[in-house]
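Trainee: I would like to go through this structure one question at a time. Please explain each term when it comes up.

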Amino acid sequence: MSRQIVVLGGDGIGPEVTAAAVTVLRSVDRRFHLDLQFAEHAFGGAAIDAHQEPLPATTLAACQQADAILLGAVGGPKWANVPVAIRPEAGLLALRQALGLYANVRPLKVHEALLDASPLKRERIEGTDLVVVRELTGGIYFGRKAREGGAAIDECRYTVAEIERVTRQAARLARTRRSRLCSVDKANVLETSRLWRETVTRIMAAEFPDVAIEHLLVDAMAMYLVSRPRDFDVIVTENLFGDVLTDEAAAIAGSLGVMPSSSSGDHGPALYEPIHGSAPDIAGQGVANPMGTILSAAMMLRHSFAQEEAADAIEGAVAKAIAEGFLTRDLGGRCSTAEVTAKVVSLLEAHV
Ligand code: NAI
Ligand code: MG
């Protein structure tokens, strides 16, 4: 039975990094006989240019029928002045919401060979292995937006059900790891955060008594993440806090360019994408780091297709490429996107 993967390259470096990941997926397909089929669709700014909307109906329909979705990134200065409702980023929010992708899982593991690529001290970050579960379809990104006179309004709203379901996903993930969950909020100030903390506390006590739960305020967490990152296992937080904290966490990993993610809901296809954006400053130069997207493809094989061995093979090949110094500029190296991709493929083909 073939597996249908919709590829949404998007804008900027998006098409460059998704092409790299598809090359790697085709290579593992040859080795593990996964019968992967790829279909590219217009999305983001490129879709605005061609169809006057960031998420054309044909693209959404293809995503709904797919077995999994691989996404690059969207946005860029070219579309900075189009109306907010049809900005590339609005297409991404609409896609996440239409597919019910409420749990965005962002793992962070520090590679030995990248310890010096981080601005942080080696002895503080060595051995860091954490996962941030970011709520992805609620909160301030989806609330009412308005201009009233000289003021602007962004509404932040969370329902109990939205908090419960992401808490359950995070707690189940913690059970497969070190059984520790840290919930991040701003309960000393925000009403949504008070509801968040109450709900997490109740669900954990009733359904996950075996998982240790800790609550931290987001400002303190911003500090602990860089001062003692090894102390964390699974972190669950709301949409905006998760967005900010994971870019911060990228400093531990060495670069935004190496961080993968998965986004999933209760049913339907999951979506896999690097956590970085379209990086307009380096787009078209062939120097983008493809590792975050390649590692997202490995997450796809593991979570959407239960191909543990193929996923391990990709992750092993990326780790080896890093260890052998095949690094793009963001990690202090001199390799192009194509050189890093070719190295990963050659390691896969050599079965190392
Ligand atoms: P960004 O993540 O695109 O770039 C931040 C910095 O990291 C830049 O210096 C960039 O060159 C570098 N960088 C990012 N990914 C890299 C990679 N794979 N290899 C090497 N260097 C990399 O964030 P920025 O500049 O704030 O946003 C640019 C555009 O991307 C905006 O339009 C923004 O809205 C959009 N964006 C889209 C996202 C998505 O599609 N999921 C997520 C974040 C931003
Ligand atoms: Mg972000």
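**Helices, strands and a ligand**

Trainee: Which residues in α11 do Val24, Val28 and Phe32 in α1 meet?

Mentor: This is a predicted model, in which local features need pLDDT of at least 70 and side-chain atom pairs count only at pLDDT 80 or more, while totals for chains, interfaces and linings use all residues. Residues are numbered from 1 along each chain as its sequence is written, and chains are lettered from A and ligands numbered from 1 in the order in which they are written. Helices (H or I, at least four residues) and strands (E, at least two) are DSSP runs numbered from the N terminus, and two residues are in contact if their C-beta atoms, placed from the backbone, lie within 7 Å. In α11, the residues met by Val24, Val28 and Phe32 of α1 are Glu309, Ala310, Ala313 and Ile314.

Trainee: How many residues in the contact of α1 with α11 are nonpolar?

Mentor: Ala, Val, Leu, Ile, Met, Phe, Trp, Tyr, Cys and Pro count as nonpolar, Asp, Glu, Lys and Arg as charged, and the others, Gly among them, as polar. The contact of α1 with α11 has one charged residue and no polar ones. The nonpolar residues number six.

Trainee: What is the orientation of α1 to α11?

Mentor: Axes are lines fitted to C-alpha atoms, for helices over the stretch in contact, and angles run from 0 to 180 degrees between N-to-C directions. Angles under 35 degrees count as roughly parallel, over 145 as roughly antiparallel, 65 to 115 as roughly perpendicular and the rest as oblique. The axes of α1 (residues 14-32) and α11 (residues 308-323) come within 11 Å and cross at roughly 130°. α1 is therefore oblique to α11.

Trainee: At what angle do α11 and α12 pack?

Mentor: Helix α12 covers residues 337-349. Ala313, Ala317, Val318, Lys320 and Ala321 in α11 meet Val340, Lys343, Val344, Leu347 and Leu348 in α12. The axes are 9 Å apart, and the angle is about 125°.

Trainee: Which strands stand at the edges of the open sheet?

Mentor: Two strands pair if DSSP finds at least two bridges between them. Ten strands form this sheet with mixed pairing, in the order β2-β1-β3-β12-β11-β4-β5-β10-β8-β9. Each edge strand has a single partner strand, so one side of each is left without a neighbour in the sheet; these strands are β2 (36-40) and β9 (212-217).

Trainee: Which residue in β5 is the bridge partner of Arg106?

Mentor: Strands β4 (residues 103-109) and β5 (residues 129-135) run antiparallel and are joined by seven bridges. In β5, the bridge partner of Arg106 is Val132.

Trainee: Which residue in the turn between β6 and β7 has a positive phi?

Mentor: β6 (residues 145-148) and β7 (residues 151-154) pair in the antiparallel sense over four bridges. They form a hairpin with two residues between them. The positive phi, about 60°, belongs to Gly149.

Trainee: Which residues are closest to ligand 1?

Mentor: A residue is near a molecule if its C-beta atom, placed from the backbone, lies within 6 Å of it. Ligand 1 is surrounded by 22 residues, divided into ten nonpolar, nine polar and three charged. The closest are Gly75, Gly257, His276, Gly277 and Asn289.
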